[in-house]
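Subject: A structure for you to look at

Hi there,

Here is the structure I promised to pass on, with the sequence alongside. Have a look at it first, and then read on for what I found.

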Amino acid sequence: MTQSRILPLLPVLLVGLVACHSGNTMDTLVAHSDLTESILAIYERIFWWTVLLFIGVQGGLIYIIMRFRARGDETTLPEQVHGNSQLEITWTVLPVVILLHIAIPTVQFIFKSQAAPSPDALKVNAIGKQWWFAFEYPAEGVVTANELHVPLGRQVNLRLQSDNVIHSLWAPQIFAKRDMVPGRVNQITFKATKAGEYLGQCAEYCGDSHSLMQFRVYVDTPEDFAKWVANQNSNAVSEAVPAGSEIVKAKCGSCHTVKGVTEVASIGPNLTHVGSRTTIAAGILLNNTENLKKWISNPAGVKPGSKMIQVGLNPQELDSVVSYLQTLK
Ligand code: CUA
């Protein structure tokens with residue numbers, strides 16, 4: 001296709017790209033917290049300066065080419081000029097002004113993003129595991145995995161940790177990328193501005209299943225958040241599938257907690273309310289019968305390098321374990 005035929009298609013392609021992005025909750029050009037709105041504002045400032053500079057430089061280039069090109073039968077060199085203080089001062093001072101206009105809000109934002117949280121902020125320990133995320137709410141007594149619930153309009157202070165290698169927690173529309181470093185607590189504080197479900201991803205290469213280390217952020221209304229906390233706080237004791245309960249107690253209890261059923265263990269995700277989650281295996285599979293079976297019967301096939309072991313259940317045992325887990329809402 002010739003250039004002249006591609007050019008008119010460009011706007012169509014751009015509209016297509018924007019359309020593809022509209023449903024993607026990892027799109028960094030859409031911000032839904034105070035933190036990401038500030039980042040986007042700086043990004044837009046840089047973008048428009050870049051547009052202006054591009055037009056200025058290309059416009060100047062075209063003007064100079066047209067204005068000073070050799071015309072007709074010109075054979076002699078034009079007048080040779082060396083140095084122009086006025087021009088040199090202009091092209092030194094102007095970039096300094098532009099860089100200051102970018103640097104001042106950037107540095108201000110870096111300090112703001114490190115500021116201590118307000119006393120009434122919701123505190124959550126976010127812990128990088130191989131390869132999933134644990135979320136602990138100390139004041140609420142809630143422990144969950146891979147699905148972070150936060151209330152709309154209230155400040156949230158994440159305390160980022162790792163007990164293995166370096167991970168990085170990133171939900172592009174809700175909070176900035178920040179590392180989870182073993183032996184250190186990094187913090188990130190934000191206030192979500194729109195209820196919804198947002199995707200997140202580990203953003204630091206951390207081994208075999210780095211790309212399969214996902215999570216979700218649920219921004220709930222304050223009422224829904226209170227309901228979620230109350231439900232998470234209850235013991236999810238289900239009498240519906242006693243056979244499944246017995247197997248989980250015997251074979252899963254040394255790694256997973258089911259509050260009121262097993263001892264407390266934190267090697268694998270807390271399963272007390274696993275039935276209420278949308279996804280399993282760190283956000284990569286929808287939480288349904290087929291996927292639960294797939295995951296439990298062959299964890300390494302779903303997530304290479306996973307610490308989840310193959311527990312070796314016969315089909316009947318697998319059925320009752322899956323049915324039992326699904327009752328843990
Ligand atoms: Cu954890 Cu990459």
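Let me begin with one term: two residues are in contact when heavy atoms of theirs lie within 4.5 Å. Please also keep in mind that this is a predicted model.

**The whole chain**

With contact defined, we can ask where the partners sit along the sequence. Taking contacts between residues at least 6 apart in sequence, 64% join residues at least 24 apart.

The protein has nine helices and 12 strands. What is its radius of gyration, and what would a compact globule have? The protein has 28 Å, whereas a compact globule of 329 residues would be near 20 Å. If you draw a box along the principal axes, the C-alpha atoms fill roughly 100 × 55 × 35 Å.

As for the surface, the accessible area of the protein is about 18,900 Å². Carbon and sulfur atoms account for 63% of that area. Of the 329 residues, 38% count as buried. The protein has 26 positive and 26 negative charges, and the mean positions of the two sets are 0 Å apart.

**Two domains**

The domain assignment splits the protein into domain 1, which covers 27–61 + 85–221, and domain 2, which covers 242–327. Their centres, taken over C-alpha atoms, are separated by 32 Å. Where the two domains are in contact, 17 residues come from domain 1 and 19 residues from domain 2.

**Some backbone details to look up**

Here is a bit of background before the examples. Most residues other than glycine have a negative phi, and most peptide bonds are trans.

Now for the peptide bond between Q130 and W131: it is cis, with omega at about 0°. You will find W131 in the loop between β1 (122–128) and β2 (133–137).

Next, go to the loop between β11 (279–280) and β12 (285–286), where A281 is located. Phi of A281 is near 55°, a positive value in a residue other than glycine. The loop between β11 and β12 also holds A282, and phi of A282 is near 55° as well, again a positive value in a residue other than glycine.

Are A281 and A282 buried or exposed? A residue with under 20% relative accessible area counts as buried. A281 has a relative accessible area of 10%, so A281 is buried. A282 is at 1% relative accessibility, so A282 counts as buried too.

**A few residues along the way**

Two residues of helix α3 make a good start. V57 lies in this helix, which spans residues 34–67, and R45 lies in α3 as well.

V57 has a relative accessible area of 53%; the cut-off for exposed is over 50%, so V57 is exposed. The C-alpha atoms of V57 and L87 are 14 Å apart, with their positions 30 residues apart along the chain.

R45 has a relative accessible area of 31%, which means that R45 is partly exposed. Which residues does R45 touch, not counting residues up to four places away in sequence? They are H101, I102 and P105. For one of these, I102, the C-alpha atom is 7.1 Å from that of R45, although the two residues are 57 residues apart in sequence.

T25 is found in the loop between α2 (10–22) and α3. Leaving aside its neighbours within four places in sequence, T25 is in contact with Q173, E197, Y198 and L199. You can also compare the positions of T25 and I284: they are 259 residues apart along the chain, and 15 Å separate their C-alpha atoms.

The last stop is V237, in the loop between α5 (222–233) and α6 (242–251). V237 is at 44% relative accessibility, so V237 counts as partly exposed. Not counting residues up to four places away in sequence, V237 touches K259 and G260. V237 and H273 are 36 residues apart in sequence, and their C-alpha atoms are 9.6 Å apart in space.

Happy exploring, and write back with any questions!

Best wishes

Definitions and conventions:
Residues are numbered from 1 along each chain as its sequence is written. This is a predicted model: local features need pLDDT of at least 70, side-chain atom pairs count only at pLDDT 80 or more; totals for chains, interfaces and linings use all residues. Side-chain values use heavy atoms; hydrogens and water are left out. Helices (H or I, at least four residues) and strands (E, at least two) are DSSP runs, numbered from the N terminus. The radius of gyration is taken over C-alpha atoms; the globule rule is 2.2 Å times the number of residues to the power 0.38. Buried means under 20% relative accessible area, exposed over 50%, partly exposed in between (1.4 Å probe, protein chains only). Accessible areas come from the Shrake-Rupley method with a 1.4 Å probe; for residues, only the protein chains shown count as cover. Lys and Arg count as positive and Asp and Glu as negative; His and the chain ends are not counted. The place of a charge is taken as NZ of Lys, CZ of Arg, CG of Asp or CD of Glu. Domain bounds come from an automatic or database domain assignment.
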